[in-house]
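Trainee: I should like to learn how to read a sheet and a ligand site. May we work through an example together?

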Amino acid sequence: MKKRLLSLFLTMGLTASLLAGCGSNDAGNAGDSNTDAAKEETAENADSSEAESSDEGGIQVGIVLPTKDEPRWLQDQAQFEAILGDAGFTNQVLFSQGSSATEKTNVETLISKGIKVLIICPQDATAAAAAVEEAKAAGVTVISYDRLITDTEAVDYYTTFDSFSVGVAQGQYLIDNAKGTGVPLYIYTGAATDNNAFIFFEGAWSVLEPKVKDGTFVIANSEKAAGFVGAGELSRDDEGEILGQTTTNWDFDTAKKLAEANLTAASAEQKGDVAILAPNDGTARAIADTFAADADIKSYIITGQDSEQASVQYVIDGKQSMTVFKDTRTLAADSVAMALAVLNGEEVETTTTYNNGKIDVPAKQTDIVVVTKDNVQSALIDSEYYSASDFTGLE
Ligand code: GAL
C-alpha cells in the first residue's frame with residue numbers, strides 16, 4: 001500500500017517536493033563521501049549500496065552505473081539511494097568501472113538477487129545488449145538510463161536528457177562568444193561506445209558547421225571534420241570518422257594527451273585566441289588546463305557538460321566558460337517513477353521514443369540548462385543542487 005501511494009505521489013507531479021528533501025547537500029556531500037568510499041573499495045564492482053531487506057526479501061530495483069571515477073555518476077548514485085531508500089524499496093547500485101564484462105557480471109548478480117526492474121547506464125551501448133537480454137529473459141523490466149542501449153529489443157524504457165540540445169548549447173556558446181573571424185576551433189568528443197557522444201556532436205555540428213563554412217571558425221585539430229564541412233547531413237560512419245580523430249573516450253588523461261598532441265602539431269595561426277568544443281566537464285578541465293599552460297594560447301573559450309562541482313568552480317574562476325546542467329535529481333526521479341509504475345502494474349509515462357537500431361524505445365526526456373558565471377546562483381544554488389559554501393569566489 002505504501003508503495004502504491006508513493007507511486008501515486010510521484011505521478012501526481014509531486015516529485016519536486018519529494019526531491020526537495022534530497023537537495024544540494026545530498027548531491028554535493030554524497031559525491032564527496034562516495035569518492036572517499038570509492039577509494040576504500042577493493043573490488044571494482046563492489047556494492048555501493050544495499051537497502052534493508054523488504055518484507056518480500058531480495059532486491060527489487062537494481063541500478064548499474066558506468067564508473068565511480070567521474071563525479072557525474074556519483075551524483076546519480078546519491079539521487080537513486082535517496083529516492084528509492086525514502087520510498088522503502090530495496091535497491092542496490094553497482095558500478096561497472098569502465099568494463100562491459102564487469103557490467104554483465106553486475107547485471108547477473110542483480111538478477112540472482114531477484115530484481116524486478118533494472119536501471120542501467122551502459123558502459124558500451126552495443127556490448128550491454130547481451131546483459132539486458134539476460135535480464136529480460138529472467139522477466140526483469142529494463143530501463144536504459146541516460147545512455148541508450150543499442151541493437152537489441154531488450155530495452156523497455158529510456159530516460160534521458162535532451163542530448164541534441166546539449167550539443168547545440170555547447171556549439172552556440174562558442175558562436176556567441178568567439179570574437180572576429182578565422183577563430184581556430186578545436187573539437188573534442190566523447191567515447192565512440194556511447195550513443196550520447198554521437199548525439200552531442202550532432203547537436204554541436206548542426207550549429208558550428210555553418211560557422212566554419214562562413215569563415216567564423218577554422219577547424220584546427222581534425223582534418224576529417226574539416227573535410228565534412230559543406231557535405232550536408234553526416235552518416236553515423238562519417239561521425240565515427242570524426243570521433244576517431246577527436247575522441248577523449250570520456251577519459252581525462254586521454255583528453256589531456258590529445259590536447260597536448262594537437263597543440264604540439266598546431267601552427268602559429270592555429271593558436272592565439274581559440275575556441276574549444278569539449279564534450280563534458282571532466283575532459284573540459286583536462287583540456288582547459290593544457291591550453292592554459294601553452295604560452296602561445298592568448299585566450300580560450302571552452303564548453304563543458306554535467307555541472308560537476310569542480311567545473312562549476314572552474315566556471316566561477318574563469319577557467320571553463322560554460323557547463324550544461326543536467327539535473328540528476330529529475331532523471332533519477334523519472335526512472336524511479338517508471339520503476340514504481342512497473343512494480344505496481346501501472347501505466348508507464350513516456351513522452352517520446354528513441355530508435356536504438358532495433359526498436360523504438362519509449363522514452364522520457366528532460367530539458368537541460370546552460371550555466372555560465374552569470375547564473376551559477378540561480379541555476380545551481382537557488383535550486384539547491386549545490387550550496388553556496390561548496391564554492392569560493394561566488395558573488
Ligand atoms: C554521457 C553522459 C554525460 C557524461 C558522459 C561521460 O553519456 O550523458 O553526462 O557524463 O557520458 O560519463
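**Reading the sheet and the ligand shell**

Mentor: Let us begin with the sheet of this predicted model. Four strands form an open sheet in the order β8-β7-β9-β10, and their pairing is parallel.

Trainee: Which are the edge strands?

Mentor: They are β8 (217-219) and β10, each of which pairs on one side only. On average, neighbouring strands of this sheet are turned by 35° against each other, direction ignored.

Trainee: What packs on the sheet?

Mentor: Helix α6 (residues 163-177) does, touching β9 and β10; its direction makes about 165° with that of β9.

Trainee: How many bridges join β9 to β10?

Mentor: The general idea comes first: strands of a sheet pair through backbone hydrogen bonds, either parallel or antiparallel. Here, strand β9 (residues 272-277) and strand β10 (residues 297-302) run parallel and are joined by five bridges. Between β9 and β10 the chain passes through helix α11 (residues 281-292), a right-handed β-α-β crossover. As for individual residues, Gly272 is opposite Ile297 in β10, and Asp273 has Ser299 of β10 as its bridge partner.

Trainee: Where does the ligand lie with respect to domain 1 and domain 2?

Mentor: The ligand lies between them, because domain 1 (3-155 + 327-367) and domain 2 (163-325) both give residues to its shell.

Trainee: Which residues are around the ligand?

Mentor: Among them are Glu70, Arg72, Asp194, Trp250 and Lys326. By class, the shell has seven charged, four polar and one nonpolar residue.

Note on methods
Residues numbered from 1 in each chain as written. Predicted model: local features only at pLDDT ≥ 70, side-chain atom pairs only at ≥ 80, totals over all residues. Near = placed C-beta within 6 Å. Nonpolar A, V, L, I, M, F, W, Y, C, P; charged D, E, K, R; others polar. Domains from an automatic or database assignment. Pairing = 2+ DSSP bridges. Helix = DSSP H or I, 4+ residues; strand = E, 2+ residues; numbered from the N terminus. Right-handed = clockwise from strand over helix to strand, strands pointing away. Axes fitted to C-alpha atoms, helices over the stretch in contact; angles between N-to-C directions. Contact = placed C-beta atoms within 7 Å.
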